[in-house]
Amino acid sequence: MDVTTWYLEQTGRKDLRRAAPAPVEIVRAEIPSPEFSRFLYTAVGGGWHWTDRLPWTPEQWSEWLSGDVETWVAYHRGTPAGYAELHGQAGGNVEVAYFGLLPYAIGKGIGGHLLSEAVSRAWEREGTRRVWVHTCSLDGPAALPNYQARGFRVFRIDRKAG
């Protein structure tokens, strides 16, 4: 299977174009929980071929979460609807490492709002100079358009023949 990966970035807070609000509460998961993070990863990524973290042990999850990582969760009527994982990196870079919605929440206007809030939080981090993300042709069809609608610009494209 051929896979195209798009790398996108914002280089200033002014780049963010916010989506309309959605009926969700967005809360930071302040207590690192390997079990909860694995749940979010599998619930969101299961239908989109997310496999890189499936073999992780609880210790690997704990190690990841003890780094410069923030997990933001959207709740719709008390139920997780999606999440965004922000990873602080050298040089003032913040990666939206993972982002997505649970299947029931797709198409309800939640994704744009959650992404707007997550990117806003990334820009609020001290020293942020750039926010970046990557998505691929295996992700949901709304992923790339959502990133671009929020003001991300493509800076690299990789294509791999399968």
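**Notebook: rings, hairpins and two positive phi values**

I counted the aromatic pairs in this predicted model and got ten, taking ring centres within 6.5 Å as the rule.

I looked up Tyr41 and Trp50 as one of these pairs. Their ring centres are 5.6 Å apart and their planes stand at 40 degrees, so I entered the pair as tilted. Both Tyr41 and Trp50 are buried.

Next I took Trp56 and Trp61. This aromatic pair is edge-to-face, with 4.9 Å centre to centre and 65 degrees between the planes. Edge-to-face applies because the cut-off is over 60 degrees. Are the two residues buried or exposed? Trp61 is buried, with a relative accessible area of 1%, and Trp56 is partly exposed at 24%.

I then followed the ring pairs outward. They link Tyr41, Trp50, Trp56, Trp61, Trp64 and Tyr98 into a cluster.

I also checked for charges over rings. The charged end of Arg121 sits over the ring of Trp72, 4.3 Å from the ring centre. The charged end of Arg130 sits over the ring of Phe155, and here the distance to the centre is 4.8 Å.

**Strand S4 and its partners**

I went through S4, residues 79-89, for burial. Nine of its eleven residues are buried, and I noted the strand as mostly covered.

Which strands does S4 pair with? S3, residues 69-76, pairs with S4 in the antiparallel sense over eight bridges. S5, residues 93-101, also runs antiparallel to S4 and is joined to it by eight bridges. For register, I wrote down that Tyr75 stands opposite Pro80 in S4, and that Gly82 stands opposite Leu101 in S5.

I compared the two turns. The hairpin of S3 and S4 has two residues between the strands, and Arg77 takes a positive phi there. The hairpin of S4 and S5 has three residues between its strands, and Gly91 in that turn has a positive phi of about 75 degrees.

**Positive phi outside glycine**

I looked at Arg77 again, since its phi near 50 degrees is a positive value in a residue other than glycine. Arg77 is found in the loop between S3 and S4. Its relative accessible area is 77%, so I recorded Arg77 as exposed.

Where does His49 lie? His49 is in the loop between helix H1 (34-45) and helix H2 (58-65). Its phi is positive, about 70 degrees, although His49 is not a glycine. With a relative accessible area of 52%, His49 is exposed, because the cut-off for that word is over 50%.

Conventions: Residues are numbered from 1 along each chain as its sequence is written. This is a predicted model: local features need pLDDT of at least 70, side-chain atom pairs count only at pLDDT 80 or more; totals for chains, interfaces and linings use all residues. Side-chain values use heavy atoms; hydrogens and water are left out. Buried means under 20% relative accessible area, exposed over 50%, partly exposed in between (1.4 Å probe, protein chains only). Helices (H or I, at least four residues) and strands (E, at least two) are DSSP runs, numbered from the N terminus. Two strands pair if DSSP finds at least two bridges between them. Rings of Phe, Tyr and Trp (its six-membered ring) pair if their centres lie within 6.5 Å; planes under 30 degrees apart count as stacked, over 60 as edge-to-face and the rest as tilted. A charge sits over a ring if NZ of Lys or CZ of Arg is within 6 Å of the ring centre and within 35 degrees of the ring normal.
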